[in-house]
Amino acid sequence: MTACYSPAPEVTAPYHAHRYQQMKEIAHRLPFWRYWHSLACEVPDCDHLAWDKLVLRHDDPWWDGHYPSVCGCYVEALGPLDMAQLGKSGPDVAPN
């Protein structure tokens, strides 16, 4: 897998690490995470495009290898009300 090219990985990596920690701290209230592909990627990765809007629980093992680190993609924390507004009764199935 080739990540999206990021013009400033020295900025995005610390941001993503901090954001991950913040989201873990509130996971008891917002247990679902939605992956967003960034349109800022100069060279988008097909996998990243395929994962756009994927919703999984914060503790799904998929995140261990796919949480954004140096690309412009990002993750949004969602709660039960957000899921209902999206018309989802539960998380998506993690891709292989």
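**Aromatic rings inside the fold**

Biologist: Which residues does Trp-63 touch, if we skip those up to four places away in sequence?

Modeller: Touching here is contact, meaning heavy atoms within 4.5 Å. With those sequence neighbours left out, Trp-63 reaches Trp-33, Tyr-35, Leu-56, Arg-57, His-58 and Val-75.

Biologist: What kind of model is this, anyway?

Modeller: Residues are numbered from 1 along each chain as its sequence is written, and side-chain values use heavy atoms, with hydrogens and water left out. Local features need pLDDT of at least 70 and side-chain atom pairs count only at pLDDT 80 or more, while totals for chains, interfaces and linings use all residues, as this model is predicted.

Biologist: How many aromatic pairs does the structure hold?

Modeller: Rings of Phe, Tyr and Trp (its six-membered ring) pair if their centres lie within 6.5 Å; planes under 30 degrees apart are stacked, over 60 edge-to-face, the rest tilted. By that rule, the count is 11.

Biologist: So how far apart in sequence are the parts that Tyr-35 and Trp-51 tie together?

Modeller: These two rings sit edge-to-face, 5.6 Å centre to centre with 85° between the planes. Tyr-35 is in strand β1 and Trp-51 in helix α2 (strands are DSSP runs of E, at least two residues; helices of H or I, at least four; both numbered from the N terminus). So the pair joins parts whose separation is 16 residues.

Biologist: Is Tyr-35 buried or exposed?

Modeller: Buried means under 20% relative accessible area, exposed over 50%, partly exposed in between (1.4 Å probe, protein chains only). Tyr-35 has a relative accessible area of 0%, so the verdict is buried.
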